[in-house]
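Let's take a walk through this one together, with the viewer open beside the text. Have a look first, and then we'll go piece by piece.

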Amino acid sequence: PANARYARDKRPHIMYTLAMSSLPGLRVTASARKGRVPKAKAKDVEPCEAADFKGIKTREYSSNIISRGSELEQLKKLSHLVLETAAVGASTFEELGPQAATVSPSILLHTLHENATADVGALEGAMVYEPCSVDFTGSEDARLECVIDKAFVNLGGMMAERVGGLVSIEIVEDKVTALNSDKIIAKARHMRAMFDEINVDREKYLFKIPGTWAGVEAVQALEAEGVRCHVTQVHCLEQAAAFGRAGATVVQLYVGRLQAWYKRHPVHQLSNKLHEASNHGIEFVRQVKATFKTEGLDTKIIASSVLDRENALSLAGVDYMLLSDRVVSTLNTADACDQIGTGVVARGGNVPTVGEITQASFEAALGMSPAYEEIEAHLELLHKDEEALKAFVKTSVMRND
């Protein structure tokens with residue numbers, strides 16, 4: 001069978017059909033699915049001048065096709081837009097995707113719990129993957145970890161066949177690993193070898209790595225080997241610059257979370273040169289974009305936690321933008337503004353100079369930004385999901401193996 005390559009065994013396998021095959025974009029990350037992304041209240045489309053634009057008109061919207069002449073259509077020309085959704089089987093906004101996908105413990109666990117599609121074939125293939133049985137004889141925990149790694153790779157490989165863009169794979173599931181560059185590197189190399197076994201193009205996937213100092217060291221080593229990295233939980237300029245200089249393929253920034261944090265911690269607005277901005281998250285994206293341009297860095301930016309239409313318009317020109325269905329719908333009801341191009345890329349302004357970054361200066365910067373809190377919360381959630389996944393596989397699958 002075509003998908004027999006997802007495991008080296010002689011058993012027939014269910015043809016894998018991606019649960020996200022009808023999704024129009026990136027599957028929501030574990031943290032967002034559990035409600036950690038700040039939620040903005042839905043509101044009516046406001047006049048364009050509310051976001052420094054003029055001449056907006058609104059229209060009724062009842063289609064999943066991008067309306068011609070809408071803000072959504074115009075924004076799509078300036079940034080790569082990816083619909084972020086937790087609704088499996090959603091079919092809205094077909095023209096936005098499917099573009100990208102994420103593999104994480106929560107997503108695999110959801111797939112196994114639902115057991116509604118042939119997605120479970122990702123785990124079935126992993127259960128009969130010979131190295132997990134042969135190399136880890138006598139160690140159930142080691143075999144379990146190998147099986148889950150293989151299931152991640154199988155799921156990632158299948159997603160790579162169905163999305164036009166990239167698949168991001170979570171490889172760091174706890175704080176111990178996040179603070180140890182050797183463990184991060186070893187995990188990435190191990191999973192890359194598994195991807196090579198099933199002939200997945202290395203250009204089709206990224207490994208997700210959290211924004212710790214160990215992450216900087218790991219990214220520098222992995223990118224030098226051609227292993228592409230998607231850095232998450234980037235919340236300060238020193239972080240972004242460090243990962244850009246390390247050669248990260250992409251860094252993910254969190255607009256809404258940053259704005260909310262700085263409102264609660266106004267003293268740090270000044271230290272991070274964000275005190276004059278009306279929206280600290282958008283200003284941070286501008287500073288990172290300008291820093292990368294000034295230093296000639298090729299790292300791309302994903303703007304996430306985009307709370308509303310005004311945020312999206314202000315971010316015009318950023319490399320990638322993750323948008324909720326609600327924000328996309330709002331953009332699609334409004335006629336485009338001529339000034340939409342004056343977003344984050346076109347705006348000028350001073351940018352703080354980032355000098356040499358050491359581990360000490362890096363960690364000090366994390367402490368004066370949302371980074372420490374967000375990384376801790378993210379890793380705690382990943383670890384919880386990973387433990388739930390292991391428990392499910394161990395009690396529901398391996399005990400009957």
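## A walk through the fold

D135 sits in the loop between α5 (130–134) and α6 (140–160). Keep in mind that this is a predicted model. Is D135 buried or exposed? With a relative accessibility of 54%, against a cut-off of over 50% for exposed, D135 counts as exposed. Go 11 residues along the chain from D135 and you get to C146; the two C-alpha atoms are 9.5 Å apart.

Now zoom out. The chain has 17 helices and eight strands, and buried residues account for 56% of its 401 residues. If you take the contacts between residues at least 6 apart in sequence, 74% of them join residues at least 24 apart.

The sheet is a good place to get your bearings. Its eight strands run in the order β1-β8-β7-β6-β5-β4-β3-β2, as an open sheet with parallel pairing. At the edges are β1 and β2 (101–103), each of which pairs on one side only. On average, neighbouring strands in this sheet are turned by 25° against each other, ignoring direction. As general background, the strands of a sheet pair through backbone hydrogen bonds, which can be parallel or antiparallel.

For a closer look at one pairing, pick β7 (residues 300–304), which pairs with β8 in the parallel sense over two bridges. A303 has M321 in β8 as its bridge partner. Further along the sheet, in strand β5, you'll find Q233. What is notable about the phi of Q233? It is near 60°, a positive value in a residue other than glycine. Q233 counts as buried, because its relative accessibility is 1%. K273 also has a positive phi without being glycine, here near 55°, but this residue is in the loop between α12 (267–271) and α13 (280–295). Its relative accessibility is 47%, so K273 counts as partly exposed.

Next, see how some helices lie against the strands. Helix α8 (residues 181–197) lies across β3 (167–170) and β4 (205–210), and runs at about 165° to β4. Helix α11 (residues 255–264) lies across β5 (229–234), β6 (250–254) and β7, with an angle of about 45° to β6. Then there is helix α15 (residues 325–332), where V327, V328, T330, L331 and N332 are buried. What covers the buried residues of α15? The cover includes α2 (71–76), β1 (80–84), α14 (309–314) and β8 (320–324).

That brings us to the interior. In soluble globular proteins, nonpolar side chains tend to be buried together. Here the largest nonpolar core has 99 residues, and the members that touch the most others are I169, I171, F207, V251, L315, M321 and L323. Which element gives the most to this core? That is α6, with 10 residues. There is also a second, separate core of five residues, among them V82, L206, I302 and L322.

M321 ties several of these threads together. Besides being the bridge partner of A303, M321 is in the group that touches the most other members of the largest core. Setting aside neighbours within four places in sequence, M321 is in contact with L75, S79, H80, L81, V82, A303, V306, A312, L315 and A316.

Finally, switch on the aromatic rings. The structure holds six aromatic pairs. One of them is F243 with F362, an edge-to-face pair with 6.5 Å from centre to centre and 70° between the planes. This pair links distant parts of the chain: F243 belongs to helix α10 (residues 237–245) and F362 to helix α16 (residues 359–367), 119 residues apart. F243 counts as buried because its relative accessibility is 0%, and F362 counts as buried because its value is 0% too.

F207, which we met in the largest core, turns up again here: together with F195 and Y205, F207 forms one aromatic cluster. One more ring is worth a click. The charged end of K150 sits over the ring of Y129, at 4.6 Å from the ring centre.

Methods. Residues are numbered from 1 along each chain as its sequence is written. This is a predicted model: local features need pLDDT of at least 70, side-chain atom pairs count only at pLDDT 80 or more; totals for chains, interfaces and linings use all residues. Side-chain values use heavy atoms; hydrogens and water are left out. Buried means under 20% relative accessible area, exposed over 50%, partly exposed in between (1.4 Å probe, protein chains only). Helices (H or I, at least four residues) and strands (E, at least two) are DSSP runs, numbered from the N terminus. Contact means heavy atoms within 4.5 Å. Two strands pair if DSSP finds at least two bridges between them. Axes are lines fitted to C-alpha atoms, for helices over the stretch in contact, and angles run from 0 to 180 degrees between N-to-C directions. Rings of Phe, Tyr and Trp (its six-membered ring) pair if their centres lie within 6.5 Å; planes under 30 degrees apart count as stacked, over 60 as edge-to-face and the rest as tilted. A charge sits over a ring if NZ of Lys or CZ of Arg is within 6 Å of the ring centre and within 35 degrees of the ring normal. A nonpolar core is a set of buried Ala, Val, Leu, Ile, Met, Phe, Trp, Tyr and Cys residues joined through side-chain atoms within 4.5 Å.
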